[in-house]
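This briefing introduces one protein model to a reader who is new to structures. Please keep the sequence and the 3D view at hand while reading.

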Amino acid sequence: MLQTPTVTTTRVGDVAWVTISNPPVNATSLSVRQGLVQAVKDVQGARVAILRCDGRSFVAGGDITEFDAPPVAPHLPDVIQLIEDSETPFLALLHGTVLGGGFEIAMGCAWRIATATTRFGLPEVTLGLIPGAGGTQRLPRLVGMSAAIDIACSGTMITAQALHDLDGLDAIADDLDQVAEAFVASLPARPMPVSARTVPPYDPALLQDAKAKLTKRAKGQRSPLEVLDALTWSQESFQTGQSQERTRFLELKNSAESRALRHVFFAERQAAKPSSIKDMKPRNIQKVAIVGGGLMGAGIATAALSSGLNVILIERDDQAAATASDRVQKLLDGAAKYGKMTSAQAQNAFALFAASSDYNAASEADLAIEAVFEDVATKQQVFSSLASVMNPNAILATNTSYLDPRTIFEGISNQSRCIGLHFFSPAHIMKLLEIVTMPETSAEVIATGFALGKRMRKTTVQSGICDGFIGNRMLMAYRREADYLLADGALPHEVDAAVRAFGMPMGPYEVQDLTGLQIAWANRKRNATTRDPAERYVTIADQLCEIGRLGQQSAAGWYRYEAGNRTPQRDPEVEQLVAAYSQAQGITRRNFTPQEIADRLLAVLANEGALIVQDGIAERASDVDVVQIHGYGFPRWRGGPMQYATEIGWEKTAQNMQLVNDESPNSWRLARSEQIEK
Ligand code: 3H9
């Protein structure tokens with residue numbers, strides 16, 4: 001079968017038009033690189049060659065799907081060199097997102113014209129890489145070192161206007177083709193190729209400052225500092241700098257960090273497409289009812305309003321409705337204050353909001369989300385009230401974190417419209433949304449949940465029903481093992497430090513103090529009757545709760561807190577309580593190294609994740625990783641617990657899990673090895 005060429009060249013008079021067409025994002029796959037080499041030959045003799053792309057974007061970078069395999073010639077740096085050295089000069093017409101290899105190609109062209117909405121960036125750092133086709137060498141020559149550091153070390157995108165202000169663009173235009181014709185009609189003198197320029201002078205202190213800032217922010221991730229290093233090579237000749245860049249790019253492509261970040265890139269996109277909603281069209285949602293205006297309900301309302309949805313918030317009385325309304329307004333004002341939206345956008349969003357104590361106000365809503373406290377009877381009452389006023393097909397969603405939606409929706413007619421939408425607190429900030437489906441939930445309703453998540457800019461993952469769904473079920477296992485470690489000899493600060501050294505933003509005990517110990521305590525009490533009596537149960541956390549140590553809110557939890565200071569301080573009272581517990585249990589306490597602590601906790605996470613897949617709660621292991629990264633602060637650059645287990649080898653993970661199991665017999669279910677080796 002004949003394949004449509006991904007790069008085509010046509011001539012109009014003395015102007016050559018080179019068009020790249022490689023959906024979805026015109027990545028520089030092998031066929032594009034080959035096509036561009038041919039195009040450079042084909043355009044010779046023309047006065048100018050205009051390089052443009054079909055589809056919604058100019059080239060969005062190297063083809064990440066090719067990065068697991070060894071590179072195949074022609075390599076992108078050489079292709080760009082051909083473009084830059086071509087006797088016929090190239091003009092790039094830019095639209096959409098000009099990223100990575102795409103930006104590198106654009107910098108190899110003699111001129112650049114972009115639409116006003118075009119965005120530019122070198123996102124390689126977010127994939128654990130440095131740019132590999134001259135980006136770190138051409139960018140400082142084009143826009144100066146300071147801007148190059150900002151762009152390449154962060155991986156964030158800049159606007160066409162910002163690049164123009166940095167002298168990186170020749171023009172901004174609405175109609176690219178029309179402006180290109182005018183531009184080539186009176187073609188300016190060919191500028192010096194970017195690679196032949198010298199980097200404008202800069203203060204060397206800039207590099208030290210950037211290094212200090214990046215080291216602080218990186219939390220163990222290497223690539224931002226690697227990019228900074230590579231930018232400094234632009235002091236050398238272009239050839240020397242580029243060849244160093246290329247070597248480092250290829251080394252980093254084979255690093256665990258880059259494998260992990262590439263895994264997450266694809267995992268996030270896959271999670272958004274569960275097989276349950278293949279080819280299913282979502283319903284259109286415009287009006288959302290939210291029941292409960294506490295921190296969670298107000299956060300959900302803020303996220304919904306920020307995405308242009310109408311929100312009606314229902315509270316139990318007028319006073320509570322007014323308080324909830326104030327809370328939402330404050331959250332929107334906060335978003336404006338921190339630059340997430342303009343003040344005008346915050347005002348427009350609040351204009352879409354209303355609060356009421358009357359369920360009838362929800363009668364027109366397309367979807368209702370319940371965000372009241374975790375009590376089955378209360379939630380059932382909420383849905384019975386909603387069902388009595390809403391359209392019988394309107395979607396009913398519970399935000400429960402642990403309870404079984406099938407019980408919550410008992411008695412509701414047409415359960416195909418019932419679903420769990422589990423937001424994480426604070427819901428206007430946290431990225432994760434777990435979509436909990438019941439066997440009865442229709443594919444259309446699931447697809448609508450995913451579309452809503454996308455609109456609210458959430459990272460959305462489907463979960464089946466089990467205690468805690470994907471994320472909190474793993475959290476329970478993680479905390480259980482942390483408590484076993486305490487009982488056997490570790491102290492809270494040692495456990496916290498060990499996981500922070502791995503890259504987690506906080507340890508399990510610091511997090512508990514921050515969020516409060518009472519919810520987990522209530523869950524443990526709820527599960528007391530069904531817990532296997534043979535399972536090891538450590539009561540230290542319960543003892544803390546019983547003496548009123550509920551975390552930062554009571555200035556004491558696993559740590560103590562000085563007035564007005566959130567820094568956890570080791571507390572001898574807690575450490576004595578831990579030691580006394582071990583003694584009462586007849587345990588001889590022993591030391592655990594940070595590595596031993598981290599190994600055990602990571603093995604437990606991977607084992608529980610594998611069980612979650614084995615039990616059909618998550619569709620894929622990579623969904624588990626997405627949940628951990630976006631809901632629980634697992635370091636993205638480690639790829640999630642399942643990717644980490646793959647990286648170190650499932651055999652090693654299984655050995656660590658066996659240790660965990662031997663230390664606390666009858667307390668763990670081990671995942672089937674054939675499952676976790678997948
Ligand atoms: C690089 O350039 C290295 C060079 O320096 C040197 C090379 C030698 N490759 O995100 P979307 C797929 S490193 C392959 O849902 P959006 C994506 O998987 C690269 N595939 O759309 C998805 O597939 P599917 C530096 C890619 O509109 C589909 O395209 N560049 C690539 O929300 C749609 O993607 C980057 O890191 C790729 N490069 O966002 C840019 N990009 O439909 C990475 C996308 O099967 N890309 N796909 O799930 C992005 O940031 C976003 O995709 C973009 C569009 C903003 C472009």
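In this predicted model, Gly420 stands opposite Val436 of strand E16. Strand E16 covers residues 432-436, and the points below begin with this strand and its partners before turning to the ligand and the cysteines.

**Strand E16 and its partners**

- Strand E15, residues 418-423, is joined to E16 by four bridges, and these two strands run antiparallel.
- Strand E17, residues 459-463, is joined to E16 by five bridges, and here the two strands run parallel.
- One of the pairings with E17 involves Ile435, whose bridge partner in that strand is Gln462.

**Burial of strand E16**

- Strand E16 is mostly covered, since five of its five residues are buried.
- Leu432, Glu434 and Val436 point to one side of E16, whereas Leu433 and Ile435 point the other way.
- The residues on both of these sides are buried, Glu434 and Ile435 among them.

**Residues around the ligand**

- The ligand is surrounded by 27 residues, of which Arg56, Gly62, Glu124, Arg269 and Lys273 come nearest.
- By residue class, this shell divides into 14 nonpolar, six polar and seven charged residues.
- Strand E5 (97-99), helix H3 (101-108), helix H10 (238-253) and helix H11 (256-271) each supply at least two residues of the shell.
- Helix H11 provides the largest share of the shell, namely three residues.

**Polar contacts and cover of the ligand**

- Which part of Gly101 lies 2.9 Å from an oxygen atom of the ligand? The atom concerned is a polar backbone atom of Gly101.
- For Arg269, a polar side-chain atom lies 2.7 Å from an oxygen atom of the ligand.
- For Lys273, an N or O atom in the side chain is 2.5 Å from an oxygen atom of the ligand.
- On its own, the ligand has 1000 Å² of accessible area, and the protein covers 75% of this area.

**Cysteines**

- How many disulfides does the model contain? The count comes to zero, where a disulfide would require a pair of cysteine sulfur atoms within 2.5 Å.
- Why does Cys153 count as buried? Its relative accessibility is 7%, and a residue counts as buried because its relative accessible area is under 20%.
- Cys545 has a relative accessible area of 5%, so this residue is buried as well.

Terms used: Residues are numbered from 1 along each chain as its sequence is written. This is a predicted model: local features need pLDDT of at least 70, side-chain atom pairs count only at pLDDT 80 or more; totals for chains, interfaces and linings use all residues. Side-chain values use heavy atoms; hydrogens and water are left out. A residue is near a molecule or strand if one of its heavy atoms lies within 4 Å of it. A polar contact is a pair of N or O atoms within 3.5 Å; within protein, one must be able to donate a hydrogen and the other to accept it, and residues adjacent in sequence count only if both atoms are side-chain atoms. Accessible areas come from the Shrake-Rupley method with a 1.4 Å probe; for residues, only the protein chains shown count as cover. Ala, Val, Leu, Ile, Met, Phe, Trp, Tyr, Cys and Pro count as nonpolar, Asp, Glu, Lys and Arg as charged, and the others, Gly among them, as polar. Buried means under 20% relative accessible area, exposed over 50%, partly exposed in between (1.4 Å probe, protein chains only). Two strands pair if DSSP finds at least two bridges between them.
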